Amino acid sequence: MTAAPAHAPLLEVRDLAKHYVARGATLRALDGVSFDLARGEVLGIVGESGCGKSTLGRTVLRLVDPTAGSIRFDGEDITALSRRDMVRRRRDMQIVFQDPFGSLNPRHRVAEIVGEPLEVHEVGDRAGRRARVAELLDLVGLASDAGGKYPHEFSGGQRQRIAIARALALEPKLLVADEPVSALDVSIQSQIINLLAELRQRLGLAMLFISHDLSVIRHVSDRIAVMYLGRIVEIGPAAALFDAPAHPYAQALLSAIPHTDPARRRERIILSGELPDPANPPPGCAFHTRCRQALPRCVGEAPLLAARRTATGTRMVACHLHDVG
Ligand code: ADP
Ligand code: MG
């Protein structure tokens, strides 16, 4: 199979939906998500817990099967690939989870853990694999004797380095990082974020960087997608979106993090009300129950994600406030 031309997006996600049925109710964990990811690009995915971020990351990798929509990866439609074909395809698309301990086999030495993908895909001979493991441990900043130790001998941040080394073993083109630092001490978080940013530069890796914490993704992301109840409500270049978020939900999320420039500090917007039950989302714009600026039409008519002019350039926003003018 030949790869797509270099200018084509690495990932094309269209109208992706994932519905779960529980006790007769349908929960739309993903409800029509579309975006492209360029080669080597980092897209930050942000939103409150339960808005569908992990479901998006897992569905894109087909660890979860979509209910509707399509996923094109490196020129190939992978939406309906068989399990076996997906194993082959997943060489190029890897994931790092929030909890590095849960994802590392406690009975295996680090060298086995990091080398496992190489064995599964029968890459090189034994000596070649051993050399590659040493190279990977070095790449993620672990000492050369780390391979002989067990996961419990490491700190949380080091275990996440081990998980990253394993994810990179097969030189993937896409890395899904699902809350990669949320379980770590704040003092360690920036080390892992810096490592991912550095690896991305060195390896030309594209990433979906998932976090509920905007201050975590602001430095790694080229673009940011803000999700609310299974949908993208705003997506655009990270710096421009940070400077002038257009969707009221994005404005509220961003107002919670301090601006580096004190003169531009924003009023803190406290979101009223709880996140609605995702199995029973509000009609119209799902955010209208918590929106300070909701219009009558927001109650009855769901806004589409469309290109809108904002203070810092054109960007995709799903909000009726931006329909005017
Ligand atoms: P996030 O990662 O943004 O916190 P998730 O993608 O984990 O959100 O979950 C989105 C919604 O889908 C939540 O309401 C969650 O309870 C629901 N959900 C996720 N996985 C399942 C599942 N396997 N079965 C039923 N509901 C699920
Ligand atoms: Mg999650």
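These questions and answers cover the core and the ligand shell of a predicted model.

Local features here need pLDDT of at least 70, side-chain atom pairs count only at pLDDT 80 or more, and totals for chains, interfaces and linings use all residues. Residues are numbered from 1 along each chain, ligands are numbered from 1 in the order written, and side-chain values use heavy atoms, without hydrogens and water.

Trainee: Which helix gives the most to the largest nonpolar core?
Mentor: A nonpolar core joins buried Ala, Val, Leu, Ile, Met, Phe, Trp, Tyr and Cys residues through side-chain atoms within 4.5 Å. Buried means under 20% relative accessible area (1.4 Å probe, protein chains only). The largest such core has 58 residues. Its top helix (a DSSP run of H or I, at least four residues) gives six residues and spans 156-168: α5.

Trainee: How many residues does the other core have?
Mentor: This core lies apart from the largest one. Among its residues are Val13, Val60, Ile71 and Met227. The count is 30.

Trainee: Which residue has a backbone N or O atom 2.6 Å from an oxygen atom of ligand 1?
Mentor: Polar contacts here are pairs of N or O atoms within 3.5 Å. Ser54 makes one through its side chain, at 2.9 Å. Thr55 also uses a side-chain atom, at 2.5 Å. The backbone contact belongs to Gly50.

Trainee: What share of ligand 1 does the protein buries account for?
Mentor: Areas come from the Shrake-Rupley method with a 1.4 Å probe. Alone, ligand 1 exposes 560 Å². The protein buries 63%.

Conventions: Buried < 20%, exposed > 50% of the residue type's maximum accessible area, 1.4 Å probe, protein only. Helix = DSSP H or I, 4+ residues; strand = E, 2+ residues; numbered from the N terminus. Polar contact = N/O pair within 3.5 Å; in protein donor to acceptor, adjacent residues only side chain to side chain.
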